[in-house]
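Subject: Structure for your review

Dear colleague,

Please find below the structure that I am handing over to you, together with its sequence. My notes on it follow directly after.

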Amino acid sequence: MDQANSRREFLGDVPDSIDYPKLTLCQMVYQTAEKYPNNVACEFLGRKIRYAALRQMIETVAKALWAQGIRKGDRVTIAMPNCPQAVAMFYALNRIGALANMVHPLSASGEYKFFLNFSHSKMILTLDQFYPKVAEIRHALEAPVTVLIARISDAFPFPLNLGVHIAAERKNPRIPADAQVLYWKTFLKGARTVNDLPEPDITCDDAAAILYSGGTTGTMKGILLSSMNFNALGLQTAYASGIPIDELAGKKMLSIMPMFHGFGLGVGIHTFLLVGGTCILVPRFSVKTYASLLRKKQPNFIAGVPTLYEALMRADNVEGIDLSCLMGVFSGGDSLSFELKQKVDSFLMAHGAKVQVREGYGTTECVTASCLTPKNYYRKGSIGLPFPDTFYKIVGVGTTEELPRGQEGEICLTGPTVMIGYMDNEAETASTLRRHSDGKVWLHTGDLGMMDEDGFVYFRQRIKRMIITSGYNVYPSQIENIIDSHPKVLYSCVIGVKDPYKVQKVKAFVVLRPGVDASDAMREELFAYCRKRIAKYAMPYDIEFRSELPKTLVGKVAYRALENEENAVAC
């Protein structure tokens, strides 16, 4: 059965194809604001922002950017949690034709340096609590960068009503009075100097954002994504939800996945801003607040990584939560085990929900999800059927030759969400985006899988060496490079160890230089060294010293031998 027939049989009214407007990201949101001006676009810590107000906020931020000299093609880094300032900045940059460089705010200072230099950013927006990281590396930047500082309280017209949040801000590191920073409220005042903001000479196919991934080789790359990539993803997700698209207006999404992540930005925010829905912006995840949000906000849709659902299963304050409000529950970012799906489905049913968790699959190279299990049908082990206008094939690893159904090979896909390419990396782009004999350009995912006779796709494992911990991608080679740069380290190997909660946790094996004592003090010295250079989510939970590490026949460290050894113990 071909993919079109499978979609009709198993996905019901989900269309094979969609008409995508030739509009930019910002134009699409403005179009929604015209249609639903009084709908709530975002809710943040109790404050509701309607679409008309969101449009005005975006326009004000765009004028403020223009006043700061940001122009078409310039890059601005956004290192923020999910909050109104980050949302407005993302669309305001698109409004003037600039690019949003999306970065994890918990990145280590060394990573901030990399992201700012790599993207050639002219400005960075971050919270006051993260300023010390930027200050630490500012002298090492290749070009001057305007540091724009926001506070959570800036998102509210009457911050004195936010006693608990103001108290928390007082605990943040103090920014020196003479620091060369631009504060959010001062930044916005600059908008008054711009009367008429010109329309940018850009199209929906121009680059709009830079997201980061390891690509097929496991090394960090900037992914250039267009407005069309995001808009197509948003419309595909809306239609694939199984809910008539006009009925999604006014529905609420619990936007808990972070904005720097394609899943959080593309599904958790942009999709719902295209259909007139409400994004309940959650700046920081915790099991306790998650359960409380479900109880108080009664969202219609939730989306997250398997770790998030595992945490929900372990929460101790979920008794009596009514989840009959749910119309869609989505899991992505990592494989959802059959056992966890059963537990989540049972939990949902026990709390009044009439839906099951649906697993999606995708890569940042196509924004996020491009395949989803049907609404009312589950095939064990499958990640579902492709989105509208998206096609999958399985090819022999290292080739472009399609394999027969049922055979395992590399997962490839093509469609309107496939990236423009990797920034400043033509070689990697050429190896990942390949034109096949059918004339189409296919994205080679670097993942192994197969497709059955009905077109259902199955993910097997990653060809690339990568660790996924709590839904985040961690690239061992990068961690190893940092550890190996310590003057007392000879070499290291980083692996993922199975973990029932995080799926995998990071462990480092280290061989010290001759004469260096493998002591607890040395271990703590290495931990301290790593904390300054590695994001918290990617930090090794353990550093084990060894006199030597297993090697392959060609002399490379046999990381798979270490993985097998550790995972045998973990089991």
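I begin with a single bridge: isoleucine 223 has tyrosine 422, a residue of β19, as its bridge partner. Please note that this is a predicted model. The bridge belongs to the pairing of strand β9 (residues 221-226) with β19, which is antiparallel and comprises two bridges.

**The eight-stranded sheet**

These two strands are part of an open sheet of eight strands, arranged in the order β7-β6-β5-β3-β4-β8-β9-β19 with mixed pairing. The edges are occupied by β7 (182-183) and β19 (421-422); each has a single partner strand, so one side of each is left without a neighbour in the sheet.

Within this sheet, strand β5 contains leucine 125. Its relative accessibility is 0%, and leucine 125 therefore counts as buried, the cut-off being under 20%. Setting aside residues up to four places away in sequence, leucine 125 touches Thr77, Ile78, Ala79, Met80, Gln85, Met89, Leu148, Ala150 and Trp184. Should you wish to check a distance, the C-alpha atoms of leucine 125 and serine 107 are separated by 14 Å, and the two residues lie 18 places apart along the chain.

Helix α5 (residues 109-119) packs against several strands of this sheet. Its buried residues are Ser109, Glu111, Tyr112, Phe115, Leu116, Asn117 and Ser119. Their packing partners are the strands β3 (75-79), β4 (99-102), β5 (121-127) and β8 (207-213), along with helix α6 (131-137). After α5 comes histidine 120, which has a positive phi near 60 degrees.

**The nine-stranded sheet**

A second open sheet is made of nine strands in the order β2-β1-β11-β10-β12-β13-β14-β15-β16, again with mixed pairing. Its edge strands are β2 (47-50) and β16 (385-386), each of which pairs on one side only. At the β2 edge, strand β1 (residues 40-44) pairs with β2 in the antiparallel sense through four bridges. There, phenylalanine 44 stands opposite arginine 47 of β2.

Further along the order, strand β12 (residues 301-304) has Phe301 and Ala303 pointing one way and Ile302 and Gly304 pointing the other way, and all of them are buried. Strand β10 (residues 252-255) pairs with β12 in the parallel sense over two bridges, and methionine 253 has phenylalanine 301 of β12 as its bridge partner. Strand β13 (residues 328-331) also runs parallel to β12, and four bridges join the two. Here phenylalanine 301 has glycine 328 of β13 as its bridge partner. Phenylalanine 301 is thus a bridge partner of both methionine 253 and glycine 328.

**Two helix pairs**

Two packed helices are described by the angle between their axes and the distance between the axes.

For helix α12 (residues 306-314) and helix α13 (residues 338-350), the axes come within 10 Å and cross at roughly 55 degrees. That angle makes α12 oblique to α13. The crossing of α12 and α13 is left-handed. On the α12 side, Pro306, Tyr309, Glu310, Leu312 and Met313 take part, and they meet Leu340, Lys343, Val344 and Phe347 of α13.

For helix α4 (residues 84-95) and helix α10 (residues 262-274), the packing angle is about 75 degrees and the axes are 13 Å apart. Because angles of 65 to 115 degrees count as roughly perpendicular, α4 is placed in that class relative to α10. Val87, Phe90 and Tyr91 of α4 make the contact with Leu265, Ile269, His270 and Leu273 of α10.

**The hairpin and helix α15**

Strand β21 (residues 441-451) and strand β22 (residues 457-462) pair in the antiparallel sense over five bridges. Methionine 451 stands opposite valine 457 of β22. Five residues lie between the strands of this hairpin, in which glycine 455 takes a positive phi near 90 degrees.

In helix α15 (residues 476-484), the buried residues are Pro476, Ile479, Glu480, Ile482 and Ile483. These residues are on the same side of α15, because they cover an arc of only 160 degrees around the axis. They pack against four strands, β23 (467-469), β24 (472-474), β25 (489-499) and β26 (503-512), and against helix α16 (520-531).

With kind regards

Terms used:
Residues are numbered from 1 along each chain as its sequence is written. This is a predicted model: local features need pLDDT of at least 70, side-chain atom pairs count only at pLDDT 80 or more; totals for chains, interfaces and linings use all residues. Side-chain values use heavy atoms; hydrogens and water are left out. Two strands pair if DSSP finds at least two bridges between them. Buried means under 20% relative accessible area, exposed over 50%, partly exposed in between (1.4 Å probe, protein chains only). Contact means heavy atoms within 4.5 Å. The arc is that of the directions from the helix axis to the C-beta atoms. Axes are lines fitted to C-alpha atoms, for helices over the stretch in contact, and angles run from 0 to 180 degrees between N-to-C directions. Angles under 35 degrees count as roughly parallel, over 145 as roughly antiparallel, 65 to 115 as roughly perpendicular and the rest as oblique. A crossing is left-handed if the near helix is turned anticlockwise from the far one by less than a right angle, and right-handed if clockwise.
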